[in-house]
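Dear colleague,

I am passing on the structure below, together with some notes on what came out of going through it. Please read them with the coordinates open beside you.

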Amino acid sequence: MKSRLSSLFVLLTLFALPLSATEAALEQAAPEGVSSAVNEDAAVEEPLAEAPESEAAPLAEDAANAADAWQVPAEGEEEGEAVTAPDEAPAEELVKTWTRKTPPPAEDGMTNIVVVPISEAIGKTNLYILRRALKEAISENAEVVVLEMDTPGGRADIMLEMMEMVDRYEGRTIAYINKEAMSAGALISAAADDIYFAPKSVIGAAAVINGDGTDLEPTLKAKIDSYMDAKLRTLTEEHPRRADVIRAMMQTEYVLELDGVTIKAEGPLLSLTDKEAMKLYGDPAAPLLGSGIHSSVDELAKDEYGAGKYAIQRFETSWSESASMFMEKIAPMLMGLGILCLIIGFYVPGFGLPEMTGIGLLVIVFLSNYIAGLAGHEPMIFFAIGFLLLLLELLLFPGVLFMAITGLLLMFGSLVWSLADVWPKSGGGFELDLGAIGHAFAQVSLGVLIAAIGFGILYRVMPKSWIVNRLVLQGSAGTIPVEAAGAVAEKAADLPAIGSIGKTASNLRPGGTVEIEGRFYEAMLPVGSAERGESVRVIAYKDLVLLVEKL
């Protein structure tokens with residue numbers, strides 16, 4: 001009997017071990033609120049505690065395996081479907097989403113888009129192209145301007161002007177990064193309302209450096225960085241994160257962190273690929289810098305406005321843009337030479353080479369500025385009116401100063417107007433920039449000064465110049481005999497006495513030729529003009545030129 005009881009006790013002990021271990025595992029693994037299905041009365045804890053380690057370990061492992069296979073029906077599931085225990089379920093990854101704002105449609109249902117290429121190094125050519133393109137877009141009531149960027153960077157001063165132009169445009173502006181927008185190109189792109197990328201395009205590395213490629217002096221760099229920070233905050237108020245991203249592209253010491261991720265550490269400047277620029281950060285989630293990735297501007301427009309609801313006009317550039325850049329640099333010299341030629345033309349009789357040269361040079365100034373986007377047709381019209389008034393004063397109404405003064409003021413003002421950066425306004429009218437007008441005024445004044453200095457020099461040598469002698473003797477008074485050329489006075493002793501009377505051999509406007517006692521002399525009327533054949537009297541000398549008055 002005792003042997004049977006001992007055998008029964010051993011069997012119960014062996015049976016209790018796996019139950020006790022299984023219950024413990026189930027209590028640990030079962031979901032909250034779900035009780036273990038093991039009968040507590042069947043658990044025998046004491047024998048488990050006293051069981052040898054070599055026996056308990058395999059039994060506990062069996063119990064754990066049994067717990068892993070345990071299944072509890074979840075709410076809404078039929079019994080028998082497996083549900084992973086919460087403490088062993090992988091953490092659910094939060095997927096951020098972002099919805100792009102749909103731009104409002106045009107009033108007539110057709111959105112007009114002007115595409116402006118910004119390529120090569122940023123310089124004055126790009127500035128002229130952008131200015132002319134924006135003015136054209138305003139005139140044609142275009143709703144959208146797309147800057148197609150493919151530039152390695154360039155001049156910082158030109159970059160700032162271009163940024164202000166982009167911000168000034170009242171319609172929507174889009175920077176489309178077609179390949180790259182580095183350095184100055186990145187900052188110009190930041191001034192646009194939206195930034196889109198072509199596949200595999202890049203943007204960044206926008207630190208300001210010296211023209212020779214060297215780093216700025218620390219104090220100067222700090223000043224420029226501070227100014228650019230404020231400038232970017234002003235231009236990107238609707239995109240506050242954009243200023244931080246561009247700052248990371250400009251400053252090596254700046255650290256950019258979002259959502260606990262270090263996007264740019266202290267050291268190398270930030271540059272972004274198209275996909276990196278579109279990565280979502282923040283709450284609510286938004287792309288780091290871009291608004292979308294499209295293979296072309298046409299695909300961008302189709303996605304934004306819908307097929308058949310947009311019209312794209314590509315702004316074409318030509319060799320004239322580069323030519324206008326060169327002409328703009330020499331504009332004061334061209335104006336000075338043009339005015340000087342006109343003065344020479346008025347000084348000698350007839351209409352010939354000096355007048356044509358002067359008019360041609362001034363027309364070149366107008367045309368170069370029109371091509372460059374600085375002037376329209378109106379300044380040229382006012383210049384023509386002023387020139388006409390001046391001609392009427394000299395040819396038909398000598399001595400009437402009102403016409404001459406009015407003509408000169410119109411000519412001067414039209415030159416200033418042609419060089420000033422006058423912007424049209426949508427709906428009509430124009431916007432004046434006093435700084436640009438002052439700069440244009442200084443350029444025209446410099447041209448007038450060059451003309452005045454040139455005239456002063458020529459006035460001293462003109463009576464002795466063989467060129468002037470040929471102009472005078474072979475001008476409108478073409479009836480002067482060839483042999484008379486040798487009769488022109490070559491020294492003061494050959495001049496007629498004061499009070500001598502003769503006749504004009506050519507028109508005096510105010511200079512020309514007079515005949516006294518069979519000899520021909522260069523003469524000039526101090527006031528007014530005289531027709532050929534009128535009687536005149538010598539009143540004074542000016543070098544070898546006679547000063548005469550009409551009788």
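**A β-α-β unit and its surroundings**

Strand 3 (residues 172-182), helix 6 (residues 184-190) and strand 4 together form a β-α-β unit that is right-handed. Please keep in mind throughout that this is a predicted model.

Within this unit, strand 3 and strand 4 run parallel and are joined by four bridges, and Ile177 is placed opposite Phe197 of strand 4. Strand 4 (residues 194-197) sends Asp194 and Tyr196 to one side and Ile195 and Phe197 to the other, and all of these residues are buried. Strand 4 is also joined to strand 11 (residues 292-293), again in parallel, through two bridges, with Gly292 of strand 11 as the bridge partner of Tyr196. As general background, strands of a sheet pair through backbone hydrogen bonds, either parallel or antiparallel.

The loop between strand 3 and helix 6 holds Ser183, which has a positive phi of about 50° although it is not a glycine. Ser183 counts as buried because its relative accessible area is 18%, under the 20% limit.

**The nonpolar cores**

The largest nonpolar core has 59 residues, of which Val116, Leu147, Met163, Ile203, Met249, Leu272 and Leu289 touch the most other members. Ile203 ties this core to the unit described above: leaving aside neighbours within four places in sequence, its contacts include Ile177, Ala181 and Met182, as well as Ala186, Ser189 and Phe197. Also in contact with Ile203 are Met249, Ser271, Leu272 and Leu289. A second core, separate from this one, consists of 18 residues, among them Leu342, Phe366, Leu390 and Met411. In soluble globular proteins, nonpolar side chains tend to be buried together.

**Helices 5 and 7**

For two helices the end-to-end distance was compared with the expected span. Helix 5 (residues 156-168) has 13 residues, so at 1.5 Å a residue it should span 18 Å, and its end C-alpha atoms are indeed 18 Å apart. Helix 7 has 18 residues and should therefore span 26 Å, which agrees with the 25 Å between its end C-alpha atoms.

The buried residues of helix 5 are Ile158, Met159, Leu160, Met162, Met163, Met165 and Val166, and Met163 is also one of the residues named above for touching the most other members of the largest core. In helix 7, Asp225, Met228, Asp229, Lys231, Leu232 and Leu235 are buried, so charged residues appear here beside nonpolar ones. The buried residues of helix 7 pack against helix 5, helix 6 and helix 8.

Thr236 is found in the loop between helix 7 (218-235) and helix 8 (240-250). With a relative accessible area of 2%, Thr236 is buried, and, leaving aside its neighbours within four places in sequence, it is in contact with Ala190, Arg242 and Ala243.

**A five-stranded barrel**

Elsewhere in the model, five strands close into a barrel in the order 15-16-17-19-18, with mixed pairing. Neighbouring strands of this sheet are turned against each other by 55° on average, direction ignored. Strand 18 (residues 535-542) and strand 19 (residues 545-550) run antiparallel and are joined by six bridges, and Ala540 has Leu547 in strand 19 as its bridge partner.

Strand 17 (residues 519-524) contains Phe520, which is buried, with a relative accessible area of 9%. Phe520 and Gly502, although 18 residues apart in sequence, are 9.7 Å apart in space, C-alpha to C-alpha.

**Backbone details to check**

Two further places deserve a look at the backbone. Which peptide bond is cis, with omega near 5°? This is the bond from Asp283 to Pro284, and Pro284 lies in the loop between strand 9 (280-281) and strand 10 (286-287). The other place is Asn141, a residue other than glycine whose phi is nevertheless positive, near 55°. Asn141 sits in the loop between helix 4 (124-139) and strand 2 (144-151) and is exposed, with a relative accessible area of 51%, whereas Ser183, which also has a positive phi, is buried.

With best regards

Methods: Residues numbered from 1 in each chain as written. Predicted model: local features only at pLDDT ≥ 70, side-chain atom pairs only at ≥ 80, totals over all residues. Heavy atoms only, no water. Expected span 1.5 Å × (residues − 1). Buried < 20%, exposed > 50% of the residue type's maximum accessible area, 1.4 Å probe, protein only. Pairing = 2+ DSSP bridges. Right-handed = clockwise from strand over helix to strand, strands pointing away. Core = buried A, V, L, I, M, F, W, Y, C linked by side-chain atoms within 4.5 Å. Contact = heavy atoms within 4.5 Å. Axes fitted to C-alpha atoms, helices over the stretch in contact; angles between N-to-C directions.
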